[in-house]
Amino acid sequence: MAEPWLVLSDRDRLTQQTDSLVERGLFVVELVLPLTEATVLLDFHSSAGWPRTFTLFHDPMAGLVLVHRQGQSVARHALPGPLPQHNGTARLSLRFDAPARTWDMRLEFLGQTDARPCHAHGCNPLPIRTEDLHQLSQGQARAARHGAVLWFGLTRGADLPARAPWIGQRTPIETAHGPIIAGHLRPGDLVATFDGGLLPLRKITRLDLPACGSFSPIILRAPFFGASHDMLVAADQKLALSGPEVEYLFGDECVLVEAGGLVDGHSALAEQRRAVASVLMLEFDHPAVIMADGCALLAARPADPPPMRLLLPYEVLTLMALLGRAGHRRVA
């Protein structure tokens, strides 16, 4: 698995309990656009021990500028303006390598295929102190954060931690001993699959992930998709659906769909009420479709090939339209 988030906005703890300097890694901020005025987005200042500053601001002419100071050393990272002001969500990524003395900054406009990213690079970045970034989620620095900032994070990896299918800790999972809340499962528990068999749970991975912007999770509404209660899952989580509509459209008894493709404002909603999600990934010896409160969910690692047909986005739209006309949703 990719490097985890060392710092994640609005998480009440650091991954590492002790303060550390990260010499190379990736700092990410997701923003709501447009930003039309001069705006301070993030602002940390401290003179405790030694002067330190970590400030991100936008200026219509100067662009996006990150000023990073440690003692007498100052690094300035900038995407020169004026920048495109598309409506929607943008991701600002700063890759830095202090020993190699290089940095690279990129602004991507998410969900807009016709919008070209902005890019800049330079030399002599400073290592980032994890505790300083963590302070941006606390006290005065947190209160001063601009509302356009959806979330930010720091990882030692060169890329974003891999997106992964996950379930909420309170998801009821069917087992040999009846329903058990996912957060109470243990390796070795026998979990029910949609074909009626039982499989031993091999591994549980606990993750803290962003839960807004491009990482917004999905609420599967009851009584749709077989669930008797609303269920929180990753947008990447795959569900198994079956029924005459599936057979009619695709010639298969059962297909997989990603939860993010099911959002229709009625049976599935994008969750926007939290900043961080503490979630679980369940792993078995091979990909398995397990039963969770009557809903069939695929438990697999991101790189595992799906055990059945995975619908493309346009196919999901066709299926949802037909299911909507039928007035129900079916589950495997």
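**Close-up 1. Surroundings of Leu262 in the predicted model**. Leaving aside neighbours within four places in sequence, Leu262 is in contact (heavy atoms within 4.5 Å) with Leu220, Phe225, Leu239, Leu241, Val257, Ser267, Ala268, Val316 and Met320. The largest nonpolar core, a set of buried Ala, Val, Leu, Ile, Met, Phe, Trp, Tyr and Cys residues joined through side-chain atoms within 4.5 Å, has 38 residues. Leu262 is among those with the most contacts inside this core, together with Ile173, Leu220, Phe225, Leu239 and Leu282. Helix H4 (residues 313-326) gives the most to this core, with four residues; helices here are DSSP runs of H or I with at least four residues, and strands are runs of E with at least two, numbered from the N terminus.

**Close-up 2. Strand S12 and its partners**. Six of the seven residues of strand S12 (residues 149-155) are buried, that is, under 20% relative accessible area with a 1.4 Å probe and protein chains only. Two strands pair if DSSP finds at least two bridges between them. S12 pairs in the antiparallel sense with strand S1 (residues 5-8) over three bridges, and in the antiparallel sense with strand S3 (residues 24-33) over six bridges. Thr155 in S12 is the bridge partner of Trp5, and Leu26 stands opposite Thr155 as well.

**Notes.** Residues are numbered from 1 along each chain as its sequence is written, and side-chain values use heavy atoms, with hydrogens and water left out. In this predicted model, local features need pLDDT of at least 70 and side-chain atom pairs count only at pLDDT 80 or more, while totals for chains, interfaces and linings use all residues.

Conventions
Buried means under 20% relative accessible area, exposed over 50%, partly exposed in between (1.4 Å probe, protein chains only).
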